[in-house]
Amino acid sequence: MQFCNLFVIITLVVVTNCNFLRKALTFIFNELCEKMLSKTQNLIKNNKVLTKIVSFVLVIVLSFVISFVSCGITFGLKVIYNGENIGTVSSGKVFEKAVTYITANTNHFKAVNAIQNASFRLTLTVADNLLNKEQLAEAIAENTDEISSANILYINGKPMAYTDIKNVHELIEESRCRYYIDGAENKSEFIDDVRLEKFFAYANRVDSDVDVENIILNLNVKTISKVSFESPIAFSTKTVKTAAQYIGYSKVTTKGIQGVAAKTELVETVNGKESSREVLKNEVLVEPVTQVVLTGTAVQMATPTEKANAQSAGFIMPLNSYDHISAYWGDGRNHKAIDFAGKRGQAIFAVQGGVVTCAAYRGNYGYLVEIDHGNGLKTRYAHCNALCVKAGQIVTQGQQIATMGNTGRSTGDHLHFEVLKNGTQVNPHPYLFK
Ligand SMILES: [Zn+2]
């Protein structure tokens, strides 16, 4: 009687793989063993050989049962569908549930007619290999021509696409991560509520892959990226003035060097477009080196004797008035004159009497008047608007010789005034200013 009970329980344990029954089985085994022990003690006295055989068989059976149960081996039913073994289930009801699941989740009523009948074959299997209704439904769909496993893409609760793209989940993930910044700590989320719902498509009634991909790859995404990078720090420039150089002179005495900052920023983008940026860290790694520039302040550097000599030429100013001196002698571009900025058409006068040696258009000078004052001194008046004298003409001091203009290589109305001593330009400043 007890053997009979034991057999029923063992079978139940194997079929259902139930924990409670497994415990019950162990308990009954223990009970049984004790009783058998006392009975076998009697038997031992009568027949030692028989006892040994019974014990041996019992041990073999027990170890088989225990190893079967502990390995999770159980009975199952192979599902033969459309001529193929499509998996193993615990009972035929799983197939019925799978069919119901498909028909409840399809987009066409004819889908149910496309599902064929299945046959079952008893088998031993590992419990973990048994399919549930969802898994079996997938296998049925895979082996039914008119049905395919598919998904409905919902955006904000509205069904936007029906698709049988196999890697649709990965595609959605790819879309969500599509604005990640390389090398940054990124996280992102869809701005809309995006979800997939399982369904079974009948006769390929799904949207085209291209259309679905287009919808997925255009989903609105908010991405937050923590970006760390090194950024240059601009150097500042300090100017040091020197009277030992003319106005316009400029020389870098210490070269500026950019510094380096370590920055961490939180960048938020919406569909790849930056919507906000927050600086989390801005640390100076290398201080910048300030650039030092030496600039000249001198308008002239004549010795008292040179100044007295220049003044002795007795020049007057070539203009009644001017706005400002726009360039001095010897500036950074080796300017060999003084430029007076003024008004177009204002009169230009001879600084001293002499003979006009040039009154013509001369390339970069534009309209030019040159006067020879004798004693190796000449003056030039360039960029004129109009000329009032001719070459060879004798002019007196203060006589108008031209009008101010912007001819030749010039960027505004001004008089470019040169003094030549023995054929070489010299600084006009001491000749005009005390
Ligand atoms: Zn000039």
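**Notebook: helix packing, sheets, hairpins and cores**

I began with helix H4 (residues 92–104), which packs against H6 at an angle of about 70 degrees, the two axes lying 8 Å apart. Because angles from 65 to 115 degrees count as roughly perpendicular, I entered H4 as roughly perpendicular to H6. I then listed the residues that make the contact: H4 brings Val-94, Phe-95, Lys-97, Ala-98, Tyr-101 and Ile-102, while H6 brings Lys-133, Glu-134, Leu-136, Ala-137, Ile-140 and Ala-141. Sorted by character, the residues of this contact of H4 with H6 come to 9 nonpolar, no polar and 3 charged. I note here that I am working on a predicted model, and that every entry below should be read in that light.

**Overall counts**

I looked up the totals next and found 10 helices and 24 strands in the protein. Of its 434 residues, 23% count as buried. I also checked how far the contacts reach along the chain: among those between residues at least 6 apart in sequence, 70% join residues at least 24 apart.

**The sheet under H6**

I followed H6 to its sheet, an open one of 3 strands in the order E5-E4-E7, with antiparallel pairing. Strand E5 (158–163) and strand E7 (194–202) are the edges, and since each has a single partner strand, one side of each is left without a neighbour in the sheet. From one strand to the next, the twist averages 30 degrees. I looked at the pairing of strand E4 (residues 147–155) with E5, which is antiparallel and runs over 5 bridges; within it, Ile-155 stands opposite Lys-158 of E5. Helix H6 (residues 133–142) packs on this sheet and touches E4 and E7, its direction making about 120 degrees with that of E4.

**A mixed sheet**

I turned to another open sheet of 3 strands, ordered E9-E13-E10, whose pairing is mixed. Its edges are strand E9 (237–246) and strand E10 (250–254), each with a single partner strand, so one side of each is left without a neighbour in the sheet. The twist here averages 35 degrees from one strand to the next. E9 and strand E13 (residues 291–298) run parallel and are joined by 7 bridges, and I picked out Val-240, whose bridge partner in E13 is Leu-294.

**Two hairpins**

I examined the hairpin of E1 and E2, which has 2 residues between its strands and, in the turn, Asn-82 with a positive phi of about 55 degrees. Strand E1 (residues 73–81) and strand E2 (residues 84–89) run antiparallel, joined by 5 bridges, and Leu-77 has Val-89 of E2 as its bridge partner.

I then examined E11 and E12, which form a hairpin with 2 residues between them, Asn-271 in the turn having a positive phi of about 50 degrees. Strand E11 (residues 259–270) is joined to E12 by 11 bridges, and the two run antiparallel.

Is Val-279, in strand E12 (residues 273–286), buried or exposed? I counted 9 other C-beta atoms within 10 Å of Val-279, and because 12 or fewer is the limit for exposed, I recorded this residue as exposed. The strand fits that entry, since E12 is hardly covered, with 0 buried residues among its 14. Leaving out residues up to four places away in sequence, Val-279 touches Lys-263 and Glu-265, and the bridge partner of Glu-265 in E12 is Val-279. I also noted that Val-279 and Leu-266, 13 residues apart in sequence, are 6.4 Å apart in space, C-alpha to C-alpha.

**The cores**

Which residues have the most contacts inside the largest nonpolar core? I found a core of 33 residues, led in contacts by Ile-348, Leu-368, Val-369, Tyr-381, Cys-384, Ile-401 and Ala-402. Among the elements that each supply at least two of its residues are strand E15 (338–341), strand E19 (377–384), strand E23 (414–421) and helix H10 (429–432). The largest share, 4 residues, comes from E18. Setting aside neighbours within four places in sequence, I listed the contacts of Leu-368 as Cys-358, Ala-360, Arg-362, Arg-380, Tyr-381, Ala-382 and Cys-384. Finally, I logged a second, separate core of 25 residues, which includes Ile-86, Ile-140, Ala-150 and Tyr-202.

Technical notes:
Residues are numbered from 1 along each chain as its sequence is written. This is a predicted model: local features need pLDDT of at least 70, side-chain atom pairs count only at pLDDT 80 or more; totals for chains, interfaces and linings use all residues. Two strands pair if DSSP finds at least two bridges between them. Axes are lines fitted to C-alpha atoms, for helices over the stretch in contact, and angles run from 0 to 180 degrees between N-to-C directions. Two residues are in contact if their C-beta atoms, placed from the backbone, lie within 7 Å. Angles under 35 degrees count as roughly parallel, over 145 as roughly antiparallel, 65 to 115 as roughly perpendicular and the rest as oblique. Ala, Val, Leu, Ile, Met, Phe, Trp, Tyr, Cys and Pro count as nonpolar, Asp, Glu, Lys and Arg as charged, and the others, Gly among them, as polar. A residue is buried if 20 or more other C-beta atoms lie within 10 Å of its own, exposed if 12 or fewer, and partly exposed in between; C-beta atoms are placed from the backbone. A nonpolar core is a set of buried Ala, Val, Leu, Ile, Met, Phe, Trp, Tyr and Cys residues joined through C-beta atoms within 7 Å.
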